[in-house]
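Hi,

Here is the structure I promised to pass on. Have a look at it first, and then read my notes underneath.

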Amino acid sequence: MRIAVLASHEGTTLQAIIDAFPSSIIAVICNNADAGALARARAAGIPPYYLSSRTHPDPDALDAAIEATLVASGTEVVVLAGYMRKIGPRTLRTFRGRLLNTHPALLPKFGGRGMYGMHVHRAVLASGDAVTGASVHWVDAEYDTGAVIDRREVPVAAGDTPETLAARVQVVERALLVDVLAPPV
């Protein structure tokens, strides 16, 4: 499987994919020129691409550039790994059913616009829920509304902070994504 990864920050989820499938990652696209994900891609010998509203101020041009980069690299599956932007309609159309995302909660709870990173974990703790987790879902035109492919639960511990909860969820989230991407046995 030829996987392209879109990321915005440090690339820890990207690293989990690289570690699990070192020869399957064929492109990394970042919308942040300083993203650690770009450095991780370079270190692994994966072509890195910086495509953002700075390189392409017109949203349609940016969408076209992302789509063209994915197509030219021979991408079969696109993974959003902490990518902090909506996917444009061209890319959605071209890769429909082949775009997936991770989310640090049990969707549909704690998903949608503004629900990312520590915002999610704060909301989980504020809700009093005893269980949270991670989800992998198909990407559609809205934030976190695509069909859930798989998810795993993580208990909320007494005394959890957003940081301690995030650390446990991230471990499960990375393992879940690797399992979802693994070829059937």
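Below is what I found, going from the sheet to the cores, then helix 5 and the loops.

One thing before you start: this is a predicted model.

**The sheet**

The place to begin is an open sheet of seven strands, with mixed pairing and the order 3-2-1-4-5-6-7. Which strands stand at the edges? Those are strand 3 (48-50) and strand 7. Each has a single partner strand, so one side of each is left without a neighbour in the sheet. On average, neighbouring strands here are turned by 20° against each other, direction ignored.

Strand 2 (25-30) is a good one to follow on screen. Its pairing with strand 1 (3-7) is parallel and runs over five bridges, and Val-5 has Val-28 as its bridge partner in strand 2. Strand 2 also pairs with strand 3, again in the parallel sense, over three bridges. There, Cys-30 has Tyr-50 as its bridge partner, and Ile-29 stands opposite Tyr-49. Strand 2 is mostly covered, with six of its six residues buried.

Two helices link these strands. Strand 1, helix 1 (12-20) and strand 2 form a right-handed β-α-β unit. Strand 2, helix 2 (36-43) and strand 3 form a right-handed β-α-β unit as well. If you trace helix 1, you will see that it packs on the sheet and touches strand 1, strand 2 and strand 4. The direction of helix 1 makes about 175° with that of strand 2.

**The cores**

In soluble globular proteins, nonpolar side chains tend to be buried together. In this model the largest nonpolar core has 35 residues, and the members that touch the most others are Val-5, Ile-17, Ile-25, Val-28, Val-79 and Leu-181. Elements giving two or more residues to this core include strand 1, helix 1, strand 2, helix 2 and strand 4 (77-80). Helix 5, strand 6 and helix 6 (162-181) are also among them. Helix 6 provides the largest share, six residues.

If you want one residue to click on, try Val-79. What does it touch, leaving aside neighbours within four places in sequence? Val-79 is in contact with Ile-3, Ala-4, Val-5 and Leu-6, as well as Ile-17, Leu-100, Leu-177 and Leu-181.

There is also a second, separate core of 18 residues, which includes Ile-29, Ala-65, Leu-92 and Val-139.

**Helix 5**

In helix 5 (117-127), Val-120, His-121 and Val-124 are buried. They cover an arc of only 90° around the axis, so they sit on the same side of helix 5. That fits the general geometry: an α-helix has 3.6 residues a turn, so residues three or four places apart point the same way. The buried residues of helix 5 pack against strand 5, strand 6 and helix 6. Just after helix 5 comes Gly-128, with a positive phi near 80°.

**The loops**

The loop between strand 5 (99-103) and helix 5 deserves a look of its own, and Pro-108 lies in it. The peptide bond from Leu-107 to Pro-108 is cis, with omega near 15°.

Phe-110 is in this loop between strand 5 and helix 5 too. Its phi is near 60°, a positive value in a residue other than glycine. Is Phe-110 buried or exposed? Phe-110 has a relative accessible area of 19%, and the cut-off for buried is under 20%, so Phe-110 counts as buried.

Gly-114 is another residue in the loop between strand 5 and helix 5. At a relative accessible area of 37%, Gly-114 is partly exposed. Gly-114 and Tyr-50 are 64 residues apart in sequence, and their C-alpha atoms are 23 Å apart in space.

The other loop to check runs between strand 6 (131-138) and strand 7 (148-155), and Asp-144 is found there. Asp-144 has a positive phi near 60°, in a residue other than glycine. At 14% relative accessibility, Asp-144 is buried.

Over to you!

How values were computed:
Residues numbered from 1 in each chain as written. Predicted model: local features only at pLDDT ≥ 70, side-chain atom pairs only at ≥ 80, totals over all residues. Heavy atoms only, no water. Helix = DSSP H or I, 4+ residues; strand = E, 2+ residues; numbered from the N terminus. Buried < 20%, exposed > 50% of the residue type's maximum accessible area, 1.4 Å probe, protein only. Core = buried A, V, L, I, M, F, W, Y, C linked by side-chain atoms within 4.5 Å. Contact = heavy atoms within 4.5 Å. Pairing = 2+ DSSP bridges. Axes fitted to C-alpha atoms, helices over the stretch in contact; angles between N-to-C directions. Right-handed = clockwise from strand over helix to strand, strands pointing away. Arc of directions from axis to C-beta.
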